[in-house]
Amino acid sequence: MRKQLRISAWVLIVAAAGFAWSQATPAAAQHLICGIVHKVSGAKFALETRTGKVVQVDASAAVKAGRTAILSEGLAISAEGNLDKSGALQAETVVRIKSARTMWPEDR
Amino acid sequence: MLNTTPALTENRNLQAGTPAAFATLAVLGLLTGCAPRASVVTYHNDNSRSGWNQNETKLTSAKVASSSFGQLFNIPLDDQVDVAPLVVPDVDVAVGSNKGDHTVVYVATENNTIYMIDAVNGTVLFNKNFGAPVPKPLGCPNNGPNVGIDGTPVIDEKAKVMYVITYTLEAGLPVYRLHMLELGSLAEKKPNVVVSASHTLSNGATFNFNAAYQRQRPGLLRANGNIYAGFGSFCDWGNDQSRGWILGWNDDTLKPLSANRMNDTLPNNPAGMFLSSVWMSGYGVAADENGYLYFVTGNSDSTNYDGVNNIQESVVKTPPDLTKVLSLFTPADQVGLDQGDTDFGSGGVLLVPKQPATPASLGAATGKNGNLYLLDLSNLGGKSATGVGGTPVSVGGCWCGQSFFSDGTVHIVSSGGSNVILWNVQTSPSLSLVQAATSGSIGGAQDPGFFTSISSNGKSSTSDPIIWAVSRPNTAGTAASPGPIGLWAFKGQPTGTMLPQLFTAAAGGWFTPDNNANANIVPVVANGEVFVASYKQLRIFGLH
């Protein structure tokens with residue numbers, strides 16, 4: 001009985017840790033946009049894309065989940081998330097990318 | 001299937017293990033008359049991380065510049081390589097179909113596979129996999145699709161063992177394990193140990209190491225009868241969980257040291273950000289002749305540096321038992337470095353081996369902003385705008401690490417931006433770094449910087465030093481056609497203010513699905529050969 005309890009407790013610990021690990025890995029998002037960070041205000045910023053277009057990004061979810069690079073003016077980043085009704089990207093992840101635009105991943 | 005990339009200037013490619021390869025090496029053996037002997041058992045050759053092999057008798061600048069030098073073998077591997085190859089002569093290989101005495105090059109991949117390859121004929125003698133790697137940890141794209149063995153192993157040649165840390169997904173969870181492997185068979189000499197640790201925060205609470213959030217990237221260090229490893233983060237993500245650690249284990253028992261180093265021991269942060277990571281683009285944690293450890297930390301919350309409980313953006317010196325910080329150097333612009341994600345810790349710290357000409361034990365460190373500081377290792381100087389050598393010199397952005405050699409003059413070789421720069425350590429009238437010469441650009445479109453190593457025949461003015469470098473790719477490439485990387489060689493003794501180029505050739509490729517992982521490739525030179533490990537391949541260069 002004691003052994004069973006011990007095994008059950010162990011299973012629970014592993015399951016909980018597994019849940020935590022799965023939560024730590026983001027689900028695939030709909031859009032990925034690369035660009036240069038401008039006008040940082042908290043978790044929000046303007047992203048100048050490779051075509052010169054400016055996309056507003058709200059990285060609150062990425063910040064909350066701890067999946068963001070340090071947001072700094074002039075930094076090249078890719079933001080991944082979904083577009084809201086206003087056309088702003090609700091980013092779930094933000095990652096620093098290379099300065100050379102030839103090395104940026106394709107937007108989608 | 002081999003990945004082939006267009007040669008920059010050379011394209012002599014013998015397939016490893018073919019009759020042509022063996023015939024070539026037989027001729028090579030007749031010409032040289034003896035088997036290779038030098039070994040490279042740790043990241044950048046020694047614990048000072050000099051990158052200098054001063055016992056290279058075969059690779060003279062004249063021969064490297066001639067048509068007799070080029071690629072000998074291209075050996076396919078099972079995944080990306082982020083570690084430096086290691087080379088050991090006279091290994092009694094006890095497994096596989098080629099048992100017996102070999103000079104072995106050991107290469108570890110992100111698939112947790114270690115290869116034993118005959119350095120003389122390119123034959124894969126044996127390989128062993130240590131478990132499923134962790135796929136894209138936290139979703140971070142600053143690595144390949146797998147993270148397995150990410151830090152360069154270290155070898156104890158006398159004990160004939162290799163220490164390596166694997167990263168495996170076990171029952172759905174990431175786990176680090178420290179292994180002690182027999183050099184001749186890769187069998188576990190002692191039971192491997194799961195990496196775990198805890199540290200007391202400044203408020204007395206306990207914080208536990210969490211393998212899911214920590215990246216073991218710096219080269220391992222063997223010193224003081226211990227093995228040491230540094231840890232950082234994946235993409236700065238999970239920065240409420242990830243903190244910079246240095247952990248140590250007894251190198252005989254693999255028992256963890258009673259103390260460890262954690263670089264941010266603050267209990268709380270309104271921004272939920274800790275880090276102060278140890279990553280150094282893979283450069284090894286260093287140790288001096290007294291066994292003191294040195295490493296560099298990366299960014300953290302810009303507002304809470306205090307030099308005690310949070311020591312981001314700093315060169316740090318600790319005793320062998322990791323119980324305290326003995327000294328540190330933090331650039332005066334730490335706040336700006338933190339706020340701009342301009343890690344000082346993107347590069348490692350080189351310890352300049354004690355030279356008669358230098359008044360003190362010196363170190364040299366630079367990071368993303370390319371300010372190279374010369375430091376006095378006996379007192380790193382605290383928070384300061386200058387090192388011991390005065391105002392820092394500019395070397396170009398550095399996701400990289402320095403090399404060192406002496407040919408009568410003490411030199412530091414920087415590799416920021418896309419140029420090798422040769423610096424003389426000037427002692428009079430004041431201690432400073434003086435630029436002696438620079439190379440032409442070696443290109444590279446990833447983050448700035450690259451890695452070098454040095455070969456020479458001794459350390460006199462006639463030692464004929466050669467500076468080797470591997471350039472990062474100019475294009476992203478694909479899995480089928482990775483972005484080409486290049487091997488470059490420059491004469492270490494300048495002509496005027498230039499380092500004459502001796503050689504360049506395609507040396508492999510680089511590919512990661514998100515195009516966001518730097519090729520931190522270190523050329524390794526031993527016994528007339530140069531080893532370059534990259535995406536799914538090891539190329540060996542030498543004299544035909």
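These are my notebook entries from looking through this predicted model.

**Entry: chain B as a whole**

I started with chain B and asked what it is built from. Its secondary structure comes to 3 helices and 38 strands. Next I looked up its dimensions. The C-alpha trace spans about 65 × 60 × 40 Å along its principal axes. I then checked the radius of gyration: a compact globule of 544 residues would have one near 24 Å, and chain B has 22 Å, so the two agree.

How much of chain B is buried? I found that 60% of its 544 residues count as buried. I also looked at how far apart in sequence the contact partners sit. Taking contacts between residues at least 6 apart in sequence, 64% join residues at least 24 apart.

**Entry: a sheet in chain B**

I picked one sheet to trace. It is an open sheet of 4 strands in chain B, in the order S10-S11-S12-S13, and the pairing is antiparallel. Which strands sit at the edges? They are S10 (154-156) and S13 (188-194) of chain B, each of which pairs on one side only. On average, neighbouring strands here are turned by 25 degrees against each other, if I ignore direction.

I zoomed in on one pair. S10(B) and S11 of chain B, residues 161-170, are antiparallel and share 3 bridges. One spot to find by eye: B:Asp156 stands opposite B:Val161 of S11(B).

A reminder to myself: strands of a sheet pair through backbone hydrogen bonds, in either a parallel or an antiparallel way.

**Entry: one loop residue, B:Val325**

I wanted a residue outside the strands, so I went to the loop between S22 (315-318) and S23 (327-331) of chain B, where B:Val325 is found. Is B:Val325 buried, exposed or partly exposed? It has 17 C-beta neighbours inside 10 Å; being buried takes 20 or more and being exposed 12 or fewer, so B:Val325 counts as partly exposed.

What does B:Val325 touch, leaving out residues up to four places away in sequence? I noted B:Ile311, B:Val316 and B:Thr318. I also looked up B:Leu293: it is 32 residues from B:Val325 in sequence, with 9.8 Å between their C-alpha atoms.

**Entry: strand S5 of chain A**

Over to chain A. I checked how enclosed S5(A) is: 7 of its 8 residues are buried, so the rest of the structure largely encloses it.

Which strands pair with S5(A)? S3 of chain A (residues 54-58) runs parallel to S5(A), joined by 2 bridges. In that pairing, A:Val57 has A:Leu89 of S5(A) as its bridge partner. S4 of chain A (residues 76-83) runs antiparallel to S5(A), with 7 bridges. There I found A:Ala79 opposite A:Val94 of S5(A).

S4(A) and S5(A) form a hairpin with 5 residues between the strands, and A:Gly87 takes a positive phi near 90 degrees in it.

**Entry: where the chains meet**

Last, I looked at the contact between the two chains. Chain A puts 22 residues in contact with 26 residues of chain B. On chain A's side, the elements giving two or more residues are helix H1 (2-24) and strand S5 (89-96). The largest share comes from H1(A), with 5 residues. What is the make-up of this side by class? I get 13 nonpolar, 6 polar and 3 charged residues.

One link back to the previous entry: S5(A), largely enclosed, is also one of the elements on the side that touches chain B.

Definitions and conventions
Residues are numbered from 1 along each chain as its sequence is written. Chains are lettered from A and ligands numbered from 1 in the order in which they are written. This is a predicted model: local features need pLDDT of at least 70, side-chain atom pairs count only at pLDDT 80 or more; totals for chains, interfaces and linings use all residues. Two residues are in contact if their C-beta atoms, placed from the backbone, lie within 7 Å. Ala, Val, Leu, Ile, Met, Phe, Trp, Tyr, Cys and Pro count as nonpolar, Asp, Glu, Lys and Arg as charged, and the others, Gly among them, as polar. Two strands pair if DSSP finds at least two bridges between them. Axes are lines fitted to C-alpha atoms, for helices over the stretch in contact, and angles run from 0 to 180 degrees between N-to-C directions. The radius of gyration is taken over C-alpha atoms; the globule rule is 2.2 Å times the number of residues to the power 0.38.
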